[in-house]
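Biologist: Hi! Could you walk me through this model when you have a minute?
Modeller: Happy to, let me put it up.

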Amino acid sequence: MSKIRQPSSYDELLLSAKNLNVDLLGKTILKGIDIELARNDFITIIGPNGAGKSTLLKVLLKILPKTSGELYLQPGVKVAYVPQQMKIPVTLPLTVDRFLSLNLKHVNQNINQVIDQLDIAACRYTLMHELSGGQKQRVLIARALLKEPDLLVLDEPAQNLDVKGQLALYQFLDNLYVNKKISILMVSHDLHMVMSITTHVVCLFKEICCSGKPKDIAKDPAFTNIFGAEMASMMSYYHHNHGGDHE
């Protein structure tokens, strides 16, 4: 089992799993997962299709049950989760503006700023079921941020965006992490972006194959076994661009 580095103190730990195992319909989905996420972490989970990445997020957040192992979430920590997709019934006349404020105790005064930053002002009064995949994804992220989370959990946030939209989104997340001090746990296939903005990378294929800093992960033989020597060589040119040492 591979494990992410230890946080400097227990008080910094937001979320963790120890020897986590998940079986569904008689199949092993996740095996022996040890993972820890502390304040000021930006961790991205990568891996091939069917590796269990989305399942891991849902089990960590207790959306899906674990088969065995230990889970910990620091009491009082506010978590916002952005799934891969959310289906809004066509029969439900829910506008973007209404969706953003739905079930919130109070609407953040910075709602207009968040809407502008995620480029959804033009569709603010559009019905949710009329949005494109990319627009809906940005709306989901905006709603998550209005909860003012300590930890933002994202499952393939750029999957419905074009290249320009992907770049803008990852730049936004990088700025959010650096300036707002929000910890981020993300699943992504966009390896180039992952290597440039993430503090730690976890390579998953039912179990954690390798984990570490982006500049080191591509050198791990397990990474090469999963993604191939060509991808590993390409990734070695991408370096983490934040200043300082987040450990």
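**Helices, sheet and cysteines**

Modeller: L167 is found in helix α5, residues 163-180; helices are DSSP runs (H or I, at least four residues) and strands are E runs of at least two, numbered from the N terminus. Residues are numbered from 1 along each chain as its sequence is written. This is a predicted model, where local features need pLDDT of at least 70, side-chain atom pairs count only at pLDDT 80 or more, and totals for chains, interfaces and linings use all residues, while side-chain values use heavy atoms, with hydrogens and water left out.

Biologist: Thanks! Is L167 buried or exposed?
Modeller: L167 is partly exposed, because its relative accessible area is 39%; buried means under 20%, exposed over 50%, and partly exposed in between (1.4 Å probe, protein chains only).

Biologist: And how far apart are L167 and M193?
Modeller: Their C-alpha atoms are separated by 7.9 Å, and the two residues lie 26 apart along the chain.

Biologist: Let's switch to the sheet. What is the strand order?
Modeller: The order is β2-β1-β4 in an open sheet of three strands with antiparallel pairing; two strands pair if DSSP finds at least two bridges between them. At the edges sit β2 (27-38) and β4 (68-73), each pairing on one side only. Neighbouring strands are turned by 15 degrees against each other on average, direction ignored; the axes are lines fitted to C-alpha atoms, for helices over the stretch in contact, and angles run from 0 to 180 degrees between N-to-C directions.

Biologist: How many bridges link β1 and β2?
Modeller: Eight, with β1 covering residues 13-24. In β2, L30 is the bridge partner of V22.

Biologist: Which helix packs on the sheet?
Modeller: That is α1, residues 53-60, which touches β1, β2 and β4 (contact means heavy atoms within 4.5 Å). The direction of α1 makes about 120 degrees with that of β1.

Biologist: How many residues of α1 are buried?
Modeller: Seven of its eight, including L56, L57, V59 and L60. Just after α1, K62 takes a positive phi of about 65 degrees.

Biologist: New topic: how many disulfides are there?
Modeller: Zero, in a search of the whole structure; the criterion is a pair of cysteine sulfur atoms within 2.5 Å. For C210, the nearest cysteine sulfur is that of C203, 4.2 Å away.

Biologist: Why does C210 count as buried?
Modeller: Because its relative accessibility is 1%. C123 also counts as buried, since its value is 5%.
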